[in-house]
Amino acid sequence: MAVEIISKTRVVEEGYNNSQPHSSAELETGCYHRVSHQSSSTSTKMIFGLFLPSTYKNEVTANTPVVFWLSGLTCDDTNFAMKAGSRAFDAAEKNGMALVLPDTSPRHDASVPNVDSYDFGIGAGFYVNASVEPYSQHYKMYDYVTAELPDILQNELNIGKHGLKSICGHSMGGHGALTIALREGKDSWKSVSAFAPIANPVDCPWGQKAFEGYLGSVDAGKAYDATLLVESLQAPMYEDILIDQGTADNFLEEQLKPEALEVAAKRSGQKITVNMRNGFDHSYYFIAQFIENHINFHAKYLA
């Protein structure tokens, strides 16, 4: 197997058989795993989180649906699991779905370039394929999430085969989820949702910094801008796109700009449901409160 189980933690009780011991190197249902592998996309070791429901079977004839969760700036593969995972894992178990939690950038290698900044470099890969040195060798997070990681799940673990996968994320990860789903389409992703996404990155400081640094210009970042992608649709791509946004989010006006996405959706006819959540901020408390809604939203399309 091309992957290595580096840790395993039981997170739901359903399906647990106390009489059957399991080694730490084995996949186990009802558990959250951290899984490592050598990545061809980033040319580094990568670690992703993986929750398996009690219905999971690693058999060629089996196919477990999966939701990808993309985290935001400064995060790695563990933040979501520790801060919102209990509710997410329980909802995924009830719906018979796996959850996969990729890292937000390459790391684990001294050759990965970095800067002393929370919003660029390690922990801030922005889910693009960098084309500018010194980042172009390792910062290929778009390819990692859209091609390499799905291939591992399908071919090694019998998860998400035949496009039976959906995608969700927060902040930078919400940007990633929206742009990936809009660029790749329904044949690749059955549904998409986001928490407080960077909805119009060519028009905000976080996006402009990332696009200039990784791609060489803000103009090059237009291909990774959810607002522009929605505006360019000739017909609705998804039945609905679910977004939750806190009204007390201190990044709302300068960085996130959900209103731009709503205007674009009206022009193209793409339905987007934006829930403005009164008093909630940008934190994982906000995500934990509403993550079950998102898991259940995706379950409708993964059934």
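Here are some short exercises with worked solutions on this predicted model.

**Exercise 1. The sheet**

Work out the order of the strands in the open sheet and find which strands are its edges.

*Solution.* Start with the order: the 9 strands of the open sheet run S1-S2-S3-S5-S4-S6-S7-S8-S9, and their pairing is mixed. Next, look for strands that pair on one side only; these are S1 (4–10) and S9 (272–277), the edge strands. To finish the picture, add the twist, which averages 20° from one strand to the next.

**Exercise 2. One pair of strands, and a helix across the sheet**

Describe how S2 and S3 are joined, then find the strands that helix H4 lies across.

*Solution.* Strand S2 (residues 31–38) and strand S3 (residues 45–51) run antiparallel, with 7 bridges between them. For a single example, take His33, whose bridge partner in S3 is Leu50. Now turn to helix H4 (residues 172–184): it lies across S4 (66–70), S6 (165–170), S7 (192–195) and S8 (241–246). Its direction makes an angle of about 150° with S6.

**Exercise 3. A salt bridge**

Locate Arg10 and Glu28 and say how their side chains meet.

*Solution.* The two side chains form a salt bridge, with N to O at 3.0 Å. Arg10 sits in strand S1, while Glu28 is in the loop between S1 and S2, 18 residues apart, so the pair links distant parts of the chain. In total, the structure holds 9 salt bridges.

**Exercise 4. Pocket and cavity**

Give the volume and lining of the largest pocket, then do likewise for the largest cavity.

*Solution.* Begin with the pocket, whose volume is about 190 Å³. Among its 14 lining residues, Leu73, Thr74, Cys75, His170 and His282 are the closest to the centre. The pocket lining divides into 6 nonpolar, 7 polar and 1 charged.

Then take the largest cavity, which holds about 60 Å³ of space. Its lining includes Val67, Trp69, Phe80 and Ile291. Helix H9 gives the largest share, 4 residues, and S4, S5 (98–101) and H9 (284–302) each supply at least two. By character, the cavity lining has 8 nonpolar residues, 2 polar and no charged.

**Exercise 5. The surroundings of Glu254**

Which residues is Glu254 in contact with, leaving aside neighbours within four places in sequence?

*Solution.* First place the residue: Glu254 belongs to helix H7 (residues 252–256). Beyond those neighbours, its contacts are Asp203, Cys204 and Pro205. Finally, check Met237: it is 17 residues from Glu254 in sequence and 28 Å away in space, C-alpha to C-alpha.

Conventions
Residues numbered from 1 in each chain as written. Predicted model: local features only at pLDDT ≥ 70, side-chain atom pairs only at ≥ 80, totals over all residues. Heavy atoms only, no water. Pairing = 2+ DSSP bridges. Axes fitted to C-alpha atoms, helices over the stretch in contact; angles between N-to-C directions. Contact = heavy atoms within 4.5 Å. 1 Å grid on protein atoms, 1.4 Å probe; cavity = no way out; pocket = protein on both sides within 12 Å on 5 of 7 lines; lining within 4 Å. Points joined across faces, edges and corners; volume = space filled by probe spheres on them. Nonpolar A, V, L, I, M, F, W, Y, C, P; charged D, E, K, R; others polar. Salt bridge = Lys/Arg side-chain N within 4 Å of Asp/Glu carboxyl O.
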